[in-house]
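Student: I would like to learn how to read a metal site, a helix pair and a backbone angle from a model. Could we go through one case together?

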Amino acid sequence: MNIQNLNCLIDLHLHLDGSLPLHTVKELAEQQGITLQMTDGELKKKLSVPAGCRDLNEYLTKFEFPLTLMQTPEALEKCMHDLLTELEGQGVQYCEVRFAPQLHTQKGMSQNEVIEAVKAGLYSVAGVKPESIHAGIILCCMRGSDNGQQNKITVEEAARHLGSGVCAVDLAGAEALYPTEQYADLFAYAKQLRIPVTIHAGEAAGTESIRAAVAMGAARIGHGIRAAYDAETMELLKEHHITLELCPTSNLNTKVVDFIGQYPIRQLMDAGVAVTINTDNMTVSDTCIQHEYQLLADTFAFGDTQIKEFLYHAAEASFTTEDIKQLLKARITYTF
Ligand SMILES: [Zn+2]
């Protein structure tokens, strides 16, 4: 199977601010009167991590510049429109795009206005034609010390927009600095409001973070790769039917593993944990979903059987309606 020809791909874990197409960044800068004065190569360097990136904390600095451009409704609508258009061209049939509304309020937008703007971008591409990409929005709460009120608003906005564009909430940010269990009350509130939950865990911290996320009601775990080093944690994930959103290149960037051959995906699969393949940040990590699949296929000799299995897990774990899940699965079955 040639991955470049697949039109049934699914990406459940990608961040809007880390995945802006280069042309979008250039156009937004121009519209906002910012002179970049750099070649495309230099701009790419500014937006992507270097080969020698040290850890997640250094990785997160690459979001600073794109975020400055994403502070108006017009800019946000364009970002979502351009990203979904690009994904559709890459054979993605379904994706869930995530962002933290509280990071887009620097020029006075409310979190609700931020969400409305991204939704406008979503509805300008998703579902426009019968063969169009399907998409959902995941709202990220942020790890931090003084943003409790903003996180609470994010959860409340997720409840308000749930089922109309928004499909879940997440917890993102510096995992090693702000432990997952500090957010137990916030996610108890999300549970009370019946919002599906995914949490970044087991990326920059260990299995205790994954266990905390499970205890807090996460249906999926962002990354969770460190579970592979602990049989009990893998058992826990299986018991709770939790799907992992693996992002291999991103994990290479943040030094979870030193080289791709070390990536413990086989251990997870052998233990029966449901795993999916995702990009995390297409621009920051300079990747795309096709590349992620190709990388794993080349490294671990995965063929149609494994690729189909990853896609099935993704369809099954997607935060969408039963009708769309059936559509996604039908296209996967037809393709393979
Ligand atoms: Zn992520």
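Tutor: What follows takes the zinc site, then the helix packing, then some single residues. Keep in mind that this is a predicted model.

Student: Which protein atoms are the donors of the zinc ion?

Tutor: To read a metal site, begin with the donor atoms and their distances. Here the donors are NE2 of His-13, NE2 of His-15, NE2 of His-200 and an OD atom of Asp-280, at 2.1 to 2.3 Å from the zinc ion. Along the sequence the spacing of these donor residues is H-x1-H-x184-H-x79-D. His-13 belongs to strand S1 (residues 9-15), while Asp-280 sits in the loop between strand S8 (274-277) and helix H13 (289-300), so this pair ties together parts 267 residues apart in sequence.

Student: What is the geometry of the site?

Tutor: Geometry is read from the angles among the donor atoms. For the four donor atoms of the zinc ion these run from 84 to 171 degrees, and the site is irregular. A tetrahedral label would require all angles to lie between 85 and 135 degrees. Water is not among the atoms, so sites may look incomplete.

Student: Are His-13 and Asp-280 buried or exposed?

Tutor: Relative accessibility decides that, and the cut-off for buried is under 20%. His-13 has 0% and therefore counts as buried. Asp-280, at 2%, counts as buried as well.

Student: What should I look at when two helices pack?

Tutor: Two packed helices are described by the angle between their axes and the distance between the axes. Take helix H9 (residues 207-215) and helix H10 (residues 231-239): their axes come within 10 Å and cross at roughly 20 degrees. That angle makes H9 roughly parallel to H10, and their crossing is left-handed. On the H9 side the contact involves Thr-207, Ile-210, Arg-211 and Val-214; on the H10 side it involves Glu-232, Thr-233, Leu-236 and Leu-237.

Student: Why do contact residues in a helix recur at such intervals?

Tutor: An α-helix has 3.6 residues a turn, so residues three or four places apart point the same way. In H9, the contact residues include Thr-207, Ile-210 and Val-214.

Student: Which residues of H9 are buried, and what covers them?

Tutor: The buried set in H9 consists of Ser-209, Ile-210, Ala-212, Ala-213 and Val-214. Their cover includes strand S5 (198-201), strand S6 (220-223) and H10. After H9 comes Gly-217, which has a positive phi near 95 degrees.

Student: How do helices H7 and H8 pack?

Tutor: Read the angle and the distance again. Helix H7 (residues 148-161) and helix H8 (residues 184-192) have axes 10 Å apart and an angle of about 15 degrees. H7 and H8 are therefore roughly parallel to each other, with a right-handed crossing. Asn-151, Lys-152, Val-155 and Glu-156 of H7 meet Leu-186, Tyr-189 and Ala-190 of H8.

Student: Are H14 and H15 roughly parallel or roughly antiparallel?

Tutor: The angle is taken between N-to-C directions, and a value over 145 degrees counts as roughly antiparallel. Helix H14 (residues 304-317) and helix H15 (residues 322-335) cross at roughly 170 degrees, their axes coming within 9 Å. H14 and H15 are therefore roughly antiparallel. Among the residues making this contact are Leu-311 and Tyr-312 of H14 and Leu-328 and Ile-332 of H15.

Student: What is the phi of Lys-255?

Tutor: For phi, look at the sign and at whether the residue is glycine. Lys-255 is not a glycine, yet its phi is positive, about 65 degrees. Lys-255 lies in the loop between H11 and helix H12 (265-270), and with a relative accessible area of 36% it is partly exposed. Asp-280, a zinc donor, is another residue other than glycine with a positive phi, near 70 degrees.

Student: How are the surroundings of a single residue read?

Tutor: Take its location, its accessibility and its contacts. Asp-170 is in strand S4 (residues 166-172) and is buried, with a relative accessible area of 0%. Beyond its neighbours within four places in sequence, its contacts include Arg-98, Cys-140, Phe-187 and His-200. Leu-252 is in helix H11 (residues 248-253) and counts as partly exposed at 21% relative accessibility. With neighbours within four places in sequence left aside, Leu-252 is in contact with Val-257, Asp-258, Phe-259 and Ile-260.

Definitions and conventions:
Residues are numbered from 1 along each chain as its sequence is written. This is a predicted model: local features need pLDDT of at least 70, side-chain atom pairs count only at pLDDT 80 or more; totals for chains, interfaces and linings use all residues. Side-chain values use heavy atoms; hydrogens and water are left out. Donors are N, O and S atoms within 2.8 Å of the metal (3.2 Å for Na, K and Ca); water is not among the atoms, so sites may look incomplete. Four donors count as tetrahedral if all angles lie between 85 and 135 degrees; four count as square planar and six as octahedral if opposite donors are over 155 degrees apart and all others between 65 and 115; anything else is irregular. Helices (H or I, at least four residues) and strands (E, at least two) are DSSP runs, numbered from the N terminus. Buried means under 20% relative accessible area, exposed over 50%, partly exposed in between (1.4 Å probe, protein chains only). Axes are lines fitted to C-alpha atoms, for helices over the stretch in contact, and angles run from 0 to 180 degrees between N-to-C directions. Angles under 35 degrees count as roughly parallel, over 145 as roughly antiparallel, 65 to 115 as roughly perpendicular and the rest as oblique. A crossing is left-handed if the near helix is turned anticlockwise from the far one by less than a right angle, and right-handed if clockwise. Contact means heavy atoms within 4.5 Å.
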